[in-house]
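This report describes the packing and the chain contact in the structure shown below.

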Amino acid sequence: MSLTNGPALTSRPIPAQAGIGLRFAHHQAVIATRPQVAFLEVHAENYFGGGVTRRCLEQVRRDYPLSLHGVGLSIGTDGPLDAGHLARLAELVRDFEPALVSEHLSWSVSAGEYLADLLPLPMTEEALDVVCCHVEQTQQALGRHILLENPSAYVRFEHSPIPEWEFLAATAKRTGCRLLCDINNIFVSAHNLEVDPNRYIDALQPALIEELHLAGHALRTLANGRQIRIDNHGSSVSPAVWALYERALRHLGPKPTLIEWDTDIPPLSILVQEAQQAERYLRRAEAGVDRADAA
Amino acid sequence: MLKLEWTVPTLRELQHAFAGALTGAGVALDIPETMTPRLEIYANTRRASLRQALGLTFPAVRALVGDEFFGLMAGDFAATTPPASAYLNDYGTELPRFVRSYAPATSIGYLADVAELEWAVSRACHAPDAPRLDPGELSELDPVDLARVMFIAHPSVAIVRLAYPADQIWRAVLEQDQAAMRAIDLAAGPVHLLVERDAEEQVQVRRLTPDAWEFTRRLLAGEPLFHALAAGRGFAHGIEPATASAQTTLAEHLSVRRFIGCRLAITQGEQGP
């Protein structure tokens, strides 16, 4: 493939700086203007085919470290993983040598039907076994460890005895995977399920976290008058989520941070501004770590 | 009625029931009423994702019927033919046939033909990459072997025969060209199309003559060259009696590198007298 004709491709690690999610709408703008962001993350499934979209990814890959974010493997389904999907993902990982590969702690497939959303899992020992088995199978197929991301939630199951952060830490311990912590999802879920987001942040184990996500969400009022937060990635990061991010950085230290925007996608410059905002928080956190080291 | 003791469902049972609640295929979950609007958030996301995926694959169909109608049709389609894979570029292969028998759309006779063309265009756009056959490689074959060649087309290449001039409709709709749309003669007879992603990665829709189309169809079906050349013309002596049309077509296929490889048929199959 044409990647081998370009400059040598090395799997550069992603620094503890801010990157942006690259969507089709910004392909040409990113290639033309090469914005100053530390890395790009793409949805893996968007590049399963060939042609122009793949050429674009090859082009940006020469200039930026890459993170592949899977949205359709359905790690949490009780049933076999889609072997074709996993094979395509493995091929993409082989061809593009991304610095990070991630998937979600959720499920999207039942009885061979793809349900086109990241659906919630009950946090049970049974689900833990299923998730660990599928993470191991995925890591074997890809020949590398993956990151698992906490999803946003609108419902909770009556029987769900394990806190999500413990579930994720247990998965990491058993499989060697690491975690992608989505700060916006923690905030959205905590609001919707009426729990304390700070408690979630403070329970995270810093060594397990390799990436953070930030995004905007919407506030809707349900028919029963209850306000609910919808994780639609359709606006800038809310002040409350920035505050939670700051708390996370104090606890975790600086981590690679991604700005995601998927609906009502604004001009590239707005995304870059959001990334610069995250960058300021990261530099403050870094200074904080240095002070702590000096003390 | 017997009241069963409440037990925790297995993960598989729970996922099956949750999926049923999302798709409307039956609600076996014991859902408190306050939870219904919350489940509806997931159902909404699913509907919107599928509608969007189909809308990206079938933009001219969507433009022809309007967003609202398209959304309803996508919902009806998803109810009968949900996606089997999370790779949604693979979703929609059955939509043209669905449109053909979709009662609310029967007033637009050519809609299914446009859908069929758009599916081929989408396939061409997303087909995997594959290194193309250098026609020079064939010059090393002796003429007897050349007749036995079975070509392997680039995965983006497809041929479509449609009753309506769907290619003209498709172009006029996507270019929002009202004048071109008015100039289309719906009764002009069938069109014989070749759809591909060319060597420059551009998706092309070309018209072929019926002969060239039939010849190409046979090549794409993996028939040895001499079969494809001889078919339907009473010729069975290999490459010599080929029509000018077929030779020109083959030369074009080779020069624009529509093939990615070839094999030799083990025998020549039916021999002439």
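## Nonpolar core

A:Ile183 is in contact (C-beta atoms, placed from the backbone, within 7 Å) with A:Leu212, A:His213, A:Leu214, A:Val241, A:Leu244, A:Tyr245 and A:Ala248, leaving aside residues up to four places away in sequence. The model is predicted: local features need pLDDT of at least 70 and side-chain atom pairs count only at pLDDT 80 or more, while totals for chains, interfaces and linings use all residues. Residues are numbered from 1 along each chain as its sequence is written, with chains lettered from A and ligands numbered from 1 in the order in which they are written.

The largest nonpolar core (buried Ala, Val, Leu, Ile, Met, Phe, Trp, Tyr and Cys residues joined through C-beta atoms within 7 Å) has 145 residues, and A:Ile183 and A:Leu214 have the most contacts inside it. H6(B) supplies the largest share of this core, ten residues. Because domain 1 (12-83 + 94-108) and domain 2 (128-273) of chain B both give residues to this core, it lies between them; the domain bounds come from an automatic or database assignment.

## Contact between the chains

Chain B contributes 35 residues to the contact and chain A 39 residues. On the side of chain B that touches chain A, helices H1 (11-23), H2 (36-57) and H6 (111-126) of chain B each give two or more residues. H2(B) gives the most, with nine residues.

## Helix H10 of chain B

In helix H10 (residues 210-220; helices are DSSP runs of H or I, at least four residues, numbered from the N terminus) of chain B, the buried residues (20 or more other C-beta atoms within 10 Å of their own) include B:Trp213, B:Phe215 and B:Leu219. After H10(B) comes B:Gly222, with a positive phi near 90°.

Key
A residue is buried if 20 or more other C-beta atoms lie within 10 Å of its own, exposed if 12 or fewer, and partly exposed in between; C-beta atoms are placed from the backbone. Two residues are in contact if their C-beta atoms, placed from the backbone, lie within 7 Å.
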